[in-house]
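Biologist: I should like a close look at a single chain of this model, from its overall make-up down to individual elements. Please state each cut-off as it arises.

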Amino acid sequence: MDFQVVVLAGGFSKTLVPIVSKEVPKALLPVANRPVLSYVLDLLEQSNLKDLIVVVEGNDAAVRIGGWISAAYLDRLHVDVAPVSEDIGSAGALRSIARHLTARDILVVSGDLVSDVSPGAVAAVHRRHDAVVTAMLCSNPASGPAESGSSSAKDKTKKPGRKNIIGLDPSRQFLLHIATGAELEKDLRIQKCILRAVGEMELRADLMDAHLYAIKRAVLLEVLAQKETFQSLKEDILPYLVRSQLKSEVLSSNLPQLEENGNDKVNLQNKQISQSHILANASNRGFHELYPLALDGSSSARRTHKCCVYIASNDKYCARLNSIQAFSDINREVAGEANHLSGYSFSAHNNIIHPSAELGSKTTVGPYCMLGEGSQMGDKCSVKRSVIGRHCRIGSNVKIVNSVVMNHVTIGDGCSVQGSVICSNVQIQERATLKDCQVGAGYVVTAGSEYKGDSLAKKEK
Amino acid sequence: MGAQKKSASTVAARTSDDPEELARVPLQAVLLADSFTTKFRPITLERPKVLLPLANVPMIEYALAWLESVGVEEVFVFCCAHAKQVTNYLQSSPWFSQPNFSVATIESHNSVSAGDALRLIYERNVIHGDFILISGDTLSNMSLTRALQEHRERKKKDSNAVMTMVIKRSKLSPVTQQSRLGTDELFMAIDPDTKQLLFYEENTHHLKGTLSLDKTLLIDNPSITLHNDMQDCFIDICSPEVLSLFTDNFDYQHLRRHFVKGLLVDDIMGYKIYTHEIHSSYAARVDNYRSYDTISKDIIQRWTYPLVPDVLLLGSSATKLEREGIYRASEIVQSRSAQIGPLTVIGNNTRIGNNTTIANSVIGKGCSIGSNVLIEGSYIWDNVTVEDGCQLRHSIVCDRVVMKSGSVLSPGVVLSFKVVVGQNVTVPTYSKVSLLLQPTKQDSDEELEYADNNSDVEASSIAGTHNNLNGELTSDLSEMQGSATEELGSGGVGYIWSICEGASEEEWRHSIAPVPAEKLVELSQTMDDDLDFSNQDGNAPASSGELKPGGVSDSDDEDGDANNDSAYFEKEVVFQYSIAYKDVFPIFLNNTANFSLQVEATFLRAVHENVKVDHVILEVNSLKLSYNMEFAACAGAIFYSMLKLALGTPYNSSAELYNAVINVINTWQRLLKSYLSGKDEEIEIILKFEEMCSESAKELSPLFTKILCLLYDKDMISEDAILDWESEKKYAEESDRVFVKQAEKFLQWLREASEEED
């Protein structure tokens, strides 16, 4: 396919404290008892994209992630793990690995994507339109059951801030406007020239940018080199490319660059370009061609480039693990409605209990639950809509609802855990009650204590 | 009100129908026979716009014919300017005697806007149900059934849905969109599912490259569609609430600019406007000369069927359609050698001479056109005489104009009624010629263009001229000729109106002349500029460093682009410099800063020109009043200016500087004292002094205590004020207390002195 994939796996994300730790960087957080990164890697493998660079912030995290990948994907994928310094943003990360980029088009994927949308489809759209950049969009996760939880009020006030506003052409193939981040707080500003060229623009607030982009390498490198201040792919580079699509500033110095690469390649490329032109014209004469035509004579040399979108259909699953809320939602959904993603086969009760797990008498594990390898549960326990990791030891009379329990967790008798995330090696002593809490790795919850909506973590020494 | 009786009787006649039918009110329409604009001047000075012929038929005929065809039963024609003419016309037309279609006129002489008109109609209390609101210059052949049905259903569900606006997709190319009808660009945002109108913005020149939408729009609606490819047909289906809304908001004047935007912005009442898009039918409004031209062509090309010359029978003359879109009335005298080109309408009793060529034009009734005449893309109304050898290109020629032999009309010319163009005269492009003098009162403020249009100027001038058409006018004319002949050659009669400033750039846009090629280039160029601008504008994060120097200064001098943050900043700096000697931009800076600048300027002038202290006090007082300042601020500003003056004198050491300060204070102490009426003012100048020492004039800081002593000695500052100042500073931060410390000894002494006194 001549696509090179860059997976931005992040590092120890600050927004996910306390559930990330030195031992568990963001990319290795378990989703249905598998590291979240494995979902992206599997997805790429399915689309036959096997040439990957995984970019990790920080050396420690890189070592851990690299170790895991080489163990899990040996012989399956060709993966380079590239450590980059922290806090340089996605554009900075790409800048620092720029010299490793060789293929004609680059597919940039965020490592926290959990989805079943085929990246191959995005790549195909990208090629078909000969686009400079193609972004994958999916409908905003329909407010899941978590919304009804206690944090819904908070969510509502926050929600507009997290959304992006996306402008599409009537055929929903081209990206005409994108507003992200801080821009959302201001009034919307639409470029008139683009609107004039298309005549009609559909503005959507209900689409989520899935952080999966196909970008022409030449363009990416040029923008990275020219705009040194650009920090983020999503907030700087993509809006820049969208903004300048009718007056392209990129690709101008493209040709000499290509010639260095050898003539046969140029020819091949030209052929492909003309092919894609024919294709594009046959299907839909885009405004990109019409626009320069209309202004014939005055400015014949107007350059345009295309920014395309691939909109995943509504029945596809797509979510990003970028907040604690998202972490518990995704875990619940992958173990529940979207269980085809997890890669396990569910039992008749719609749950997975590892054969090696031991259950006491009168203990029930409801549907949409997972119980990992070697975990033990005492008597009269009840587990509903929760994911429990490996080798957990859970006493009697324990109630676990809507929670994620990672590996090697000990839960004493009579505890109640609701809507919480319990990280590895946590010890919860008898009769503790946790509601909507996050408990960092290795923390000890004392007997009989009661927490609500707290974030508990061991003090760093 | 004959109309009301009639409607009552029609309702009564239907009593036998089913109850739903019984509750039904007849469909009503309001037709505004006044556009409340001045775009058709000078023609509209003598005849109302709705009576101007469009393909030889007065515009109002099209509007009424359409209203009748869509099932309207009662029409209220609102006339304002030339109300008599409209009424007379309607009375002599068959409309007043139609069964099931009643036309009533409402006359007003003091309405200056559509808002006033609707308020008046509300007062008359004639509208009982949903009504159609159009202006008399609208032309359509759409069917209203769907739109009406949609409107009623929405109304049932949501009583706030008060209006349905008809829109139509326009041509795709961005350039033709503007050049076709000569109207401003229109941007609309519509909810794709409910078709609710969310945003309406025309005339967006002031916002350079970007369009600004309220962010709440997208919070309330998950998706909206933004349109640049729609055209407003100016056909609205309104609920009766619309009228009361106009009455409630007495400042609503313009239907779109005020009413529509007012409803969209105001979310308290929650009134909603919906749109109805028509696809295959025709609807357009004659807004200016260019749309007059475009719509005439559309009529000739039969886009408006059945509203076309050979179907719309007017008067006795039958018009026949021939090949190539030539419409010919029955009695035409045409020379064999004359060539009639395609898409031409020729009215009754018109004579055409030898070797004359006519193409793409409309020629009215009773015209006589000589030999070797060239008429191209022009509109010649009734009883016009065109002598031999004339050339007319893309012009409008009104009734009874005489063009003497060999005269030439350049593209874009408008000749109003009875103008005479002298022999071999060439009328320059875009000129408008009228027998009436151009109204001298120019409304420079565009917002007010409707405010003093047709009503006052016309009412007076028309009353004098138009009604006594043939009698006195000729004698008037002979007087006029003296002054007017120079412009229109020998024997010419009429004044060429000067194009008012500002409008000249827009002239090409609205004229019927084809858009000049360079304007097209310019148009696309401005789009380029927009692009340039948008590429470097605030969308990018400030850190991107894309802002090109010079990009701000050369092209975008309006203040409208202040939304570009960094550009605005640059500008503000410029203003700050210019303000020192130019006092014309008082609003741009915050008041206090500007006030002190003003005071400083006054003071410096006083120093250099030896103005008496009393006069300076007077001037400062007037500044104080105009800026609404306190005495304390005056004192602070004067003291500041004095120290600035002292700093301005050359000095080598702080001792010399101190001497300079003493000098200045000695000279101007009376001025300062007159503002030091109390402790507050005194504290103010200490604070000001402190601020100067720590910020703008650090040279003074070592002298702080000395100067403070000096002021105390001169009895300008009382010890109370100084001690108050000290106690005020007691809890300030350490950095703020530097000067308190410096003055510690002096303060000590003061305290002891006051204790001694006690």
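Modeller: In chain A, residues 24 or more positions apart account for 56% of the contacts with a separation of 6 or more, a contact being heavy atoms within 4.5 Å. This is a predicted model, in which local features need pLDDT of at least 70 and side-chain atom pairs count only at pLDDT 80 or more, while totals for chains, interfaces and linings use all residues. Residues are numbered from 1 along each chain as its sequence is written, chains are lettered from A and ligands numbered from 1 in the order in which they are written, and side-chain values use heavy atoms, with hydrogens and water left out.

Of the 461 residues in chain A, 57% are buried, that is, under 20% relative accessible area (exposed is over 50%, partly exposed in between; 1.4 Å probe, protein chains only). Its accessible surface is about 19,200 Å², and carbon and sulfur atoms contribute 49% of that; the areas come from the Shrake-Rupley method with a 1.4 Å probe.

The secondary structure of chain A consists of 12 helices and 34 strands, taken as DSSP runs numbered from the N terminus (helices H or I, at least four residues; strands E, at least two). Helix H8, residues 233–243 of chain A, is mostly covered, with 10 of its 11 residues buried. Among them are Leu233(A), Ile237(A), Leu238(A), Leu241(A) and Val242(A), and the buried set also includes Lys234(A), Asp236(A) and Arg243(A). An α-helix has 3.6 residues a turn, so residues three or four places apart point the same way. At the N-terminal end of H8(A), Ser232(A) acts as a cap: one of its side-chain oxygens is 3.2 Å from the backbone nitrogen of Lys234(A).

A further part of chain A is a parallel pair of strands: S4 (residues 51–57) and S5 (residues 78–84) are joined by seven bridges, where pairing requires that DSSP finds at least two bridges between the strands. Within this pair, Val56(A) lies opposite Pro83(A) of S5(A). Between the two strands the chain passes from S4(A) through helix H2 (residues 59–72) of chain A to S5(A), a right-handed β-α-β crossover. Right-handed here means that, with the strands pointing away from the viewer, the path from the first strand over the helix to the second runs clockwise. In a regular strand the side chains alternate between the two faces of the sheet.

Definitions and conventions. Polar contact = N/O pair within 3.5 Å; in protein donor to acceptor, adjacent residues only side chain to side chain.
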